[in-house]
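Grab your viewer and work through these short exercises on a ligand site and a few residues. Each task is followed by a solution in steps.

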Amino acid sequence: MKNIAVYPGSFDPITNGHVDIINRGLRIFEKIIVAVLENPKKKPLFSTKKRVAMINSIYQNEKNVEVKAFEGLLIEFAKENKAKIVIRGLRAISDFEYEFQMALMNKKLDSKIETFFMVPSLKYSFLSSKLVKEVCMLGGSLTGLIAPQIEKNIIEKFKKNKKTYNRKKG
Ligand code: PNS
């Protein structure tokens, strides 16, 4: 059986920090299923379908990465997909408490599921989808933070939503 891991998240949108974790995870796991959370309670910038499509645009030629939407309990999704590992990125101490709680709750729900924490490359250790959205909304450069095709999507989105948009040309 393949060594399958699930990498769950909101991915609203996927950043180069996420990509870094997935790419390095592929050296350890035979297959990574990127699990995009469909949460009716949250109001993401991008629809679930769009978030899945954006991740697929990066991994269209990578047969060991599969992208799926999920709702409900993560451990159920992992079980359905025959994955015993959950990958999570751990950037700083501030991430730790939440991640620790989630890992222990998942363990309580299913003792066979292990959480595998990965530390991002230093150059992405400050990066988050939330900050990417804020920088974009305020007209800052996203170069090096997200894939170019996703940068286009996010700029368009802010234009469409007529959110504060003050991007300099060039
Ligand atoms: O990118 P995020 O928003 O930090 O990802 C959070 C995510 C999707 C990993 C988390 O919210 C999750 O696993 N949601 C599924 C619901 C669940 O299983 N809850 C119980 C375990 S904490």
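**Exercise 1. What does the side chain of Arg88 offer the ligand, and at what distance?**

Step 1: pick the polar side-chain atom of Arg88 that sits 2.9 Å from a ligand oxygen. That's a polar contact, meaning a pair of N or O atoms within 3.5 Å; within protein, one must be able to donate a hydrogen and the other to accept it, and residues adjacent in sequence count only if both atoms are side-chain atoms.

Step 2: see how covered the ligand is. On its own the ligand exposes 550 Å², and the protein buries 76% of that (Shrake-Rupley areas, 1.4 Å probe).

Step 3: add two further contacts to ligand oxygens. Ser10 brings a polar side-chain atom to 2.6 Å, while Leu74 uses a backbone N or O atom at 2.8 Å.

A word on the ground rules: this is a predicted model, where local features need pLDDT of at least 70, side-chain atom pairs count only at pLDDT 80 or more, and totals for chains, interfaces and linings use all residues. Residues are numbered from 1 along each chain as its sequence is written, and side-chain values use heavy atoms, with hydrogens and water left out.

**Exercise 2. How many residues surround the ligand, and which classes do they fall into?**

Step 1: collect residues with a heavy atom within 4 Å of the ligand. You get 14, with Gly9, Ser10, Leu74, Arg88 and Asn106 the closest.

Step 2: sort them. Eight are nonpolar, four polar and two charged, with Asp, Glu, Lys and Arg as charged, Ala, Val, Leu, Ile, Met, Phe, Trp, Tyr, Cys and Pro as nonpolar, and the others, Gly among them, as polar.

Step 3: look at the elements, which are DSSP runs (helices H or I, at least four residues; strands E, at least two) numbered from the N terminus. β1 (4–9) and α4 (93–109) each supply at least two shell residues, and α4 gives the most, with four.

**Exercise 3. Are Asp12, Asn16 and Lys82 buried or exposed?**

Step 1: set the cut-offs: buried is under 20% relative accessible area, exposed over 50%, partly exposed in between (1.4 Å probe, protein chains only).

Step 2: Asp12, in the loop between β1 and α1 (16–25), has 6% relative accessibility, so it's buried. A polar atom of its side chain lies 2.9 Å from the backbone nitrogen of Phe46.

Step 3: Asn16, in helix α1, is buried too, because its value is 16%. Its side chain reaches the backbone oxygen of Gly144 at 2.8 Å.

Step 4: Lys82, in the loop between α3 (74–80) and β4 (85–89), comes out at 56%, so Lys82 is exposed.
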